[in-house]
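Me: Could you pick one part of this structure and take me through it slowly? I'd like to see how it connects to the rest.

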Amino acid sequence: MNIKTFIVDDDEISIMLTNLLLKDSSFFQEIDTYLDGAYALEHLKNEYSEETIYIIILDINMPLMNGWEFLEEIKAFVTRKNTFVFMLSSSTDRVDIEKAENIDLVKGFFSKPLKTEHLNQIQEQIKIEL
């Protein structure tokens, strides 16, 4: 099964650092980056396939469509069987963390920057879910 990873973040430095870390792992086969939830949503709608596993690393605060709005939109056409969202945010607000914990598609919440230990948690979570 093909694995596609989306990095959705309006911070280009965060995208670059996350992308470099993901490319060091053979687990993350194909990586696409988006500067806003709206662009990621459009792409995901056009290419979504139940034969592909989607790992979405999602920031919360973005200008056109924030992470919460993105999650609300994708719930209409993705399934929990092949779509796994991990929030990556500079927010340490307990309200954001609890909100993420109550969304079925969200499998983790990490503070920026993404670290190797976060990648290990993502891989373990995906293996458990599949």
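Reply: Let's take helix α1 and work outwards. Its buried residues pack against β1 (2-8), β2 (30-34), β3, β4 (83-89) and α5 (116-129). Before going further, note that this is a predicted model, in which local features need pLDDT of at least 70 and side-chain atom pairs count only at pLDDT 80 or more, while totals for chains, interfaces and linings use all residues. Residues are numbered from 1 along each chain as its sequence is written, and side-chain values use heavy atoms, leaving out hydrogens and water.

A few terms will help. Helices (H or I, at least four residues) and strands (E, at least two) are DSSP runs, numbered from the N terminus. Buried means under 20% relative accessible area, exposed means over 50%, and partly exposed lies in between (1.4 Å probe, protein chains only). Packing, touching and contact all mean heavy atoms within 4.5 Å.

Helix α1 covers residues 12-23, twelve in number, and reaches 16 Å from its first C-alpha to its last, close to the 16 Å expected at 1.5 Å a residue. That expected span is 1.5 Å times one less than the number of residues. The buried residues of α1 are S14, I15, T18, N19, L21 and L22. Looking down the axis of α1, you find these buried residues within an arc of 165°, so they line one face of the helix. The arc is that of the directions from the helix axis to the C-beta atoms. An α-helix has 3.6 residues a turn, so residues three or four places apart point the same way. On the other side of α1, the exposed residues are E12, I13, L20 and K23.

Now turn to α5, one of the partners of α1. The 14 residues of α5 should span 20 Å at 1.5 Å a residue, and the end C-alpha atoms are 20 Å apart, which agrees. H118, L119, I122, Q123 and I126 are the buried residues of α5. Down the axis of α5, they fall within an arc of 140°, so they too line one face of their helix. Exposed K127 and I128 sit on the face of α5 turned away from the buried side. The cover over the buried residues of α5 includes α1, β3, β4 and β5.

Strands β1 and β2, which the buried residues of α1 pack against, are also joined by charge. Side chains of opposite charge can pair when their charged atoms come close. A salt bridge here is a side-chain nitrogen of Lys or Arg within 4 Å of a carboxyl oxygen of Asp or Glu, and the count comes to eight salt bridges. In one of them, E30 pairs with K4, with the closest N and O atoms 3.0 Å apart. E30 lies in strand β2 and K4 in strand β1, so this pair ties together parts that are 26 residues apart in sequence. K4 is buried because its relative accessible area is 9%, while E30, at 31%, counts as partly exposed. K4 also meets E47 in a salt bridge (2.6 Å, N to O). This second pair links distant parts of the chain, with E47 in helix α2 (residues 37-47) and K4 in strand β1, 43 residues apart.

Finally, look at the loop between β1 and α1. D9 and K112 form a salt bridge (2.9 Å, N to O). D9 is in that loop, K112 is in the loop between β5 (106-111) and α5, and the two are 103 residues apart. Salt bridges with shared partners also join K4, E30 and E47 into one network. D9 is buried, with a relative accessible area of 2%, and K112 is partly exposed at 23%.

Both D9 and K112 touch D59, as do V8, D10, G67, M87, L88 and S89, leaving out residues up to four places away in sequence. D59 lies in the loop between β3 (52-58) and α3 (67-74) and, at 4% relative accessibility, counts as buried. An unreviewed UniProt entry annotates D59 as "modified residue: 4-aspartylphosphate". UniProt positions are given in the numbering used here, feature names are shortened, and annotations may be inferred rather than shown by experiment.
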